[in-house]
Amino acid sequence: MMRAVVIGAVLTAGCRSGRVQQIRPMTAGELRSVFSRAQDPRRFWITVYGSEEGPFFANANRLHPEQLVALPFLGGKNKKDWPLVEVQATDKETYLALLDTSARDCWAVPEFILRLRGVPLGPPAYESMPEHVLEPIRGYACVIPTLRYDLMQMENVVVNLRAAHGPLGYLARREDKKSPPVLILGTSWINAFAFVQVNYPEHLLFLSSTSTYSPSADHLIAELPLKVVRGALAVEGLVDGEPRTVILDTAGDFEVAMNEPPAEPVRVSLGDVVFPRVQAAAARDCALGLPDHPRVGIRLLSKYKVTIAPKAKRVYFERP
């Protein structure tokens with residue numbers, strides 16, 4: 001009972017007190033205790049493949065067919081466009097998760113993973129460092145038996161345990177004392193779905209397990225091939241007429257971010273989606289990684305319904 005009370009206090013302290021929590025790296029002893037429960041991925045019917053970007057966990061993040069749910073954004077009146085949604089454990093407790101299409105992996109605070117009976121994978125441990133943000137703390141792959149998104153259930157969810165207590169730091173993308181996310185949903189999670197739609201105008205996140213998506217001909221503005229850059233979702237576009245691979249950043253609180261932004265506004269085109277005059281932010285000022293690629297963030301994406309169809313390798317932009 002005491003263990004549950006302590007974990008719950010860590011997860012909700014920001015909501016109750018509004019204090020900024022101190023980030024404390026886990027000690028070697030704490031990590032040894034966590035990994036004393038490690039299990040071979042094959043125990044969960046998961047096969048691990050190596051890649052240049054890191055380990056790939058085949059047969060993880062399993063969904064049941066023919067499921068479709070709509071999750072409301074929960075960022076509050078000052079962050080209505082922030083894709084912060086609620087996920088549930090089997091015990092009906094709820095947690096806040098942030099959809100980040102620039103993150104390759106899912107990340108979570110250790111207390112969340114332990115509370116949901118997450119099991120570290122190994123030995124050896126599958127270690128990762130975030131690339132999409134300038135976050136210095138490592139993570140270790142764990143499997144969570146079950147997560148629920150309203151009535152939709154996902155099994156064997158692979159999430160990196162961030163090896164530090166406290167908030168998620170730059171992984172959370174914004175400092176939020178009232179409702180900080182404890183879980184980041186990255187592209188490894190998105191790839192499990194037939195489509196994921198970020199309906200910014202209506203502040204809803206739609207998830208479909210197997211049904212494909214057909215955009216409305218009356219509302220469709222652009223249909224673009226979906227690309228992946230070091231795990232981040234991206235499309236081909238133009239920045240001031242120069243061809244660039246542009247990252248779609250559903251969690252980025254900016255219009256456009258670039259490694260060395262010019263002083264003057266830039267013109268950004270993603271197919272027929274055109275932003276004629278945009279003031280670009282400096283990527284380092286936003287603590288962003290992947291500096292070779294410009295990003296389009298919430299302040300531009302929020303004008304549209306953005307539908308990602310990973311199996312079809314397409315992205316659709318529609319008018320609300």
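Here are a few worked exercises on the predicted model above.

Residues are numbered from 1 along each chain as its sequence is written. Because the model is predicted, local features need pLDDT of at least 70 and side-chain atom pairs count only at pLDDT 80 or more, while totals for chains, interfaces and linings use all residues, and side-chain values use heavy atoms, with hydrogens and water left out.

**Exercise 1.** Work out where glutamate 127 sits and what glutamate 127 touches.

*Solution.*
- Start with the strand: glutamate 127 belongs to β10, residues 127-128 (strands are DSSP runs of E, at least two residues, numbered from the N terminus).
- Next, accessibility: glutamate 127 comes out at 38%, so glutamate 127 is partly exposed (buried is under 20% relative accessible area, exposed over 50%, partly exposed in between, with a 1.4 Å probe and protein chains only).
- Now the neighbours: leaving aside residues up to four places away in sequence, glutamate 127 touches Arg138, Gly139 and Tyr140 (contact means heavy atoms within 4.5 Å).
- Finally, the side chains of glutamate 127 and tyrosine 140 share a polar contact of 3.3 Å. That term means a pair of N or O atoms within 3.5 Å; within protein, one must be able to donate a hydrogen and the other to accept it, and residues adjacent in sequence count only if both atoms are side-chain atoms.

**Exercise 2.** Sort the side chains of strand β5 by face, then find the strand's partner.

*Solution.*
- Go along residues 68-72: Val69 and Leu71 point to one face and are buried, whereas Leu68, Ala70 and Pro72 point to the other and are not.
- The partner is β16 (residues 204-208), running antiparallel to β5 and joined to β5 by 5 bridges (pairing takes at least two DSSP bridges).
- To get the register, take leucine 68: the bridge partner in β16 is serine 208.

**Exercise 3.** Find which parts of the chain two of the salt bridges tie together.

*Solution.*
- Fix the rule: a side-chain nitrogen of Lys or Arg within 4 Å of a carboxyl oxygen of Asp or Glu. That gives 15 salt bridges.
- Take aspartate 253 and arginine 174, whose closest N and O atoms are 3.1 Å apart. Aspartate 253 is in the loop between β20 (242-248) and β21 (256-258), and arginine 174 in the loop between β13 (164-165) and β14 (183-185), so the pair ties together parts 79 residues apart in sequence.
- Now glutamate 223 and arginine 314, also a salt bridge, at 3.1 Å. Glutamate 223 is in β17 (residues 220-225) and arginine 314 in β27 (residues 314-318), so this pair ties together parts 91 residues apart in sequence.

Terms used:
Helices (H or I, at least four residues) and strands (E, at least two) are DSSP runs, numbered from the N terminus.
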